[in-house]
Amino acid sequence: MRVAILGATGAVGRTMLQVLEERGFPADELVPLASERSRGHTIPWRGRDWTVDVPAPEAFRGVDIALFSAGGSRSREWAPVAAAQGAIVVDNSSAWRMDPEVPLVVPEVNGRRAAERPRGIIANPNCSTIQLVLALEALRRAAGLTRVLAATYQSVSGAGQKGIEALRAELRGESPTASPFPAPIAGNVIPWIGPRDAAGWNEEEDKLRNESRKILELPDLAVAATCVRVPVEVSHSIAATVELGRALTVPEARAALAAMEGLEVTPDERDPLPRALAGRDVVQVGHVRLDRDLPRVLHFWVVGDNLRKGAATNAVQIAELLASA
Ligand SMILES: NC(=O)c1ccc[n+]([C@@H]2O[C@H](COP(=O)([O-])OP(=O)(O)OC[C@H]3O[C@@H](n4cnc5c(N)ncnc54)[C@H](OP(=O)(O)O)[C@@H]3O)[C@@H](O)[C@H]2O)c1
């Protein structure tokens with residue numbers, strides 16, 4: 001099987017290469033693609049060096065699965081080209097996520113949707129959405145869902161390699177040359193991810209709302225988020241409050257969360273922490289408690305590695321569904 005990776009030199013692309021190798025994905029040929037800047041560089045993978053090229057229609061010829069992680073504009077331009085060459089595209093950008101003809105897939109929640117892809121494109125959700133919907137789906141199965149409030153604590157790697165480099169430079173006392181953040185990130189928290197609309201919502205907050213509704217197939221679910229960048233290198237954390245369809249006790253809620261594939265519930269005294277989750281595929285949930293005042297309202301804390309389950313691992317899991325179909 002031939003697999004192309006557009007964005008192979010980026011934070012997510014490099015994690016994809018690692019995850020494909022770790023999981024023994026049945027690919028024997030790699031087509032690494034990136035910008036002109038990386039053309040001709042080599043990438044070691046499965047004991048061979050593969051030469052990086054730039055995207056072109058010929059680059060996708062004979063490709064079975066193309067994993068895209070090079071930003072929205074590249075996805076809008078190249079996904080239809082790759083699909084026309086016969087590749088199935090799994091796209092990590094936000095370009096296609098809300099297209100009604102493109103399934104938005106978290107395999108544990110709605111993997112069956114990967115089979116319906118009229119454009120030959122499957123979208124990978126936003127990193128925070130992936131980890132949150134695992135918990136939401138678990139609770140929906142147990143008790144139904146009527147409302148979701150989320151405050152995210154998103155790591156700098158969510159803004160790619162430049163985000164990691166900006167934090168590291170600031171921690172060394174230097175000014176980063178190309179920070180993707182609107183303010184210094186070391187020693188700071190920034191409640192501004194993506195452009196802000198006239199009503200005051202940031203794009204990342206709308207992604208969490210719209211994508212959760214689409215994946216859960218609950219188009220009227222009330223979802224509101226405040227998305228915040230924090231000076232953590234890897235792993236996003238989310239403080240979530242949900243109103244359930246019927247009341248659950250804490251042990252019932254913990255059992256429902258633990259029953260969800262891909263999700264682990266931590267013991268009370270060991271809440272999930274971003275540093276502990278970095279480099280892991282599992283998403284952890286903890287600090288589960290009932291609201292003291294409101295019936296049917298539950299609070300919890302959910303953490304996952306944004307580069308792995310939030311991006312690369314979820315994409316590779318989708319590719320595994322395609323390879324086994
Ligand atoms: N980071 C996350 O947690 C996360 C999670 C979910 C989804 N995503 C999405 O995944 C995508 C990549 O994110 P990232 O964090 O990996 O970013 P990144 O570290 O900045 O990497 C970007 C990649 O895109 C390539 N690229 C840039 N311009 C290009 C062009 N004109 N033609 C071809 N390739 C080009 C870069 O190649 P060069 O190295 O040659 O410049 C690099 O390989 C984005 O759409 C992002 O929204 C990221």
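How do the residues of the shell around the ligand divide into nonpolar, polar and charged? The split is 9 nonpolar, 17 polar and 3 charged, with Ala, Val, Leu, Ile, Met, Phe, Trp, Tyr, Cys and Pro taken as nonpolar, Asp, Glu, Lys and Arg as charged, and the others, Gly among them, as polar. The model is a predicted one, where local features need pLDDT of at least 70, side-chain atom pairs count only at pLDDT 80 or more, and totals for chains, interfaces and linings use all residues. Numbering starts from 1 along each chain as its sequence is written.

Around the ligand sit 29 residues, of which G10, S38, A70, S93 and G160 come nearest (near means a C-beta atom, placed from the backbone, within 6 Å). Two or more shell residues come from each of α1 (11–22), α2 (72–84), α5 (161–171) and α9 (308–324), and α1 gives the most, with 3. Helices here are DSSP runs of H or I, at least four residues, and strands are runs of E, at least two, numbered from the N terminus. Domain 1 (2–124 + 311–324) and domain 2 (128–306) both chip in residues, so the ligand lies between them; the bounds come from an automatic or database domain assignment.

As for α9, 12 of its 17 residues are buried, so the helix is largely enclosed by the rest of the structure. Buried means 20 or more other C-beta atoms within 10 Å of a residue's own, all placed from the backbone (exposed is 12 or fewer, partly exposed in between). N314 is one of these buried residues, and a kink of about 35 degrees in α9 is centred on N314, the bend being the angle between axes fitted to the seven residues ending there and the seven starting there.
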